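Here are a few friendly notes to read alongside the model. Keep the structure open and find each residue as it comes up.

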Amino acid sequence: MADASPRRVLQHGPRTSSDGFHLVSRAPTTWVDATPIKYIDTTLHLSAEGIAKLTICRPEVLNAFRPQTVLELSESLHSARNNTQVGVIILTGLGDEAFCTGGDQRHRGSGGYADGAEPTPRLHVLDLQTQMRRCPKPIIAMVAGYAIGGGHILHMIADLTIAADNAVFGQTGPRVGSFDAGYGSSRMARLVGQKKARELWFLCNFVPAADALAMGLVNAVVPTAELELETLRWCRRIVQHSPTALQFLKAALNADEDGAAGLQELGGAATRLFYHSDEGKEGAAAFLQKREPQFRAMPSARL
Ligand SMILES: CC(C)(COP(=O)(O)OP(=O)(O)OC[C@H]1O[C@@H](n2cnc3c(N)ncnc32)[C@H](O)[C@@H]1OP(=O)(O)O)[C@@H](O)C(=O)NCCC(=O)NCCSC(=O)CCC(=O)c1ccccc1C(=O)O
């Protein structure tokens, strides 16, 4: 029998432009300075478009971090995560010279980094790495200039990296008596493969932006003058999308690499969702009303 239903005929065939990304605005946004008064190493800016921007402001040392820097970033990340208006977070460095050149070697001593911000020296940035990884909102590293050492690792841990064409990537650990045997090694190997990761760590050679793109180390390379505008475009696209879908995708992609910690993150996200269901609420309600729960009567229980 002939199909009588009207059909929509594609005029030009399938097109990648059908995803609409080219229509997303690259206009500047209006940033509101939300930096706590006590901060000395970083700033926090918010845009009404649902974007938070964390900036390392230590250009005199190419945005190397000291414990104070890391503690401020950690607080700002916590605040951006808890701000329900924020859908995506940018991490960047002040100026075009550097994103971040890792641990400030002037503050390095026995047992880690110390600048008086905390009682004992330690490797504060490892806590920040985990916090970034666990943040349910996408984090974009916006990289101009050097992303070196611990700074390079922060960009690798970010979910996406938009690089300026002047960006330079690399590790220096073995040259300065340091190494990251955690995410700094495993993440890199996942991004660029085992051979390239060993090359980057063993030789400490630097990689220009174009090569970083070819290696899968970054998502896009744009002219330096357009870095923030293009990053905003990516942010605007992301905030149009379902926050829960993004949370689960990030958790699932992490779980593939993070073992039990990754499964805990993914499982926790599922439990959060379950708490919104009638079935989840029934358990707590029945307990409080001292009655037997009626789980099977709930729509979500029909498996
Ligand atoms: C990045 C350079 C190659 C740039 O070279 P160049 O363009 O010639 O500029 P310079 O003149 O060298 O730099 C200008 C100015 O900045 C100072 N500076 C730059 N980086 C640092 C730094 N990391 N610490 C302190 N100071 C810095 C530099 O001294 C100049 O100051 P002047 O007063 O004018 O002299 C080059 O700068 C360079 O190689 N920098 C050092 C890069 C580096 O080795 N970083 C540390 C890597 S190790 C690390 O980051 C450990 C981090 C960590 O805590 C950790 C621990 C355990 C597990 C994981 C991690 C983790 O990495 O996350």
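1. Let's start with a term. A nonpolar core is a set of buried Ala, Val, Leu, Ile, Met, Phe, Trp, Tyr and Cys residues joined through side-chain atoms within 4.5 Å. Please keep in mind that this model is predicted.

2. With that in hand, look for the largest nonpolar core, which has 43 residues. Ile-89, Met-132 and Phe-169 have the most contacts inside this core. As background, nonpolar side chains tend to be buried together in soluble globular proteins.

3. Which residues does Ile-89 touch, not counting those up to four places away in sequence? Among them are Ala-52, Leu-54, Leu-77 and Ala-80, and further along the chain Cys-135, Pro-138, Ile-139 and Ile-140. The list also includes Arg-81 and Lys-137. There is a second, separate core too: it has 17 residues, including Trp-31, Ile-90, Ile-140 and Ile-162.

4. Now turn to the empty space. The largest pocket holds about 620 Å³. Its lining is made of 34 residues, and those closest to the pocket centre are Gly-103, Gln-105, Tyr-113, Gly-150 and Ser-178.

5. Which elements give two or more residues to this lining? They are helix H1 (67-82), strand E7 (112-113), helix H2 (125-134), helix H3 (150-157) and helix H4 (173-176). H2 gives the most, with 3 residues. Sorted by type, the lining has 14 nonpolar, 15 polar and 5 charged residues.

6. Next, pick out Ser-76, which lies in helix H1. Is Ser-76 buried or exposed? Ser-76 has a relative accessible area of 1%, so it counts as buried, a word used here for values under 20%. Setting aside residues up to four places away in sequence, Ser-76 touches Tyr-39, Leu-44 and Leu-54. You have met Leu-54 already, as one of the residues that Ile-89 touches.

7. Finally, visit Asn-254 in helix H9, which covers residues 243-275. Asn-254 has a relative accessible area of 4%, and therefore it is buried as well. Beyond its neighbours within four places in sequence, Asn-254 is in contact with Arg-133 and Glu-265. What does the side chain of Asn-254 reach at 2.8 Å? The partner is the backbone oxygen of Arg-133. One more distance to try on screen: from C-alpha to C-alpha, Asn-254 and Leu-266 are 8.4 Å apart in space, and they are 12 residues apart in sequence.

Methods: Residues numbered from 1 in each chain as written. Predicted model: local features only at pLDDT ≥ 70, side-chain atom pairs only at ≥ 80, totals over all residues. Heavy atoms only, no water. Buried < 20%, exposed > 50% of the residue type's maximum accessible area, 1.4 Å probe, protein only. Contact = heavy atoms within 4.5 Å. 1 Å grid on protein atoms, 1.4 Å probe; cavity = no way out; pocket = protein on both sides within 12 Å on 5 of 7 lines; lining within 4 Å. Points joined across faces, edges and corners; volume = space filled by probe spheres on them. Helix = DSSP H or I, 4+ residues; strand = E, 2+ residues; numbered from the N terminus. Nonpolar A, V, L, I, M, F, W, Y, C, P; charged D, E, K, R; others polar. Polar contact = N/O pair within 3.5 Å; in protein donor to acceptor, adjacent residues only side chain to side chain.
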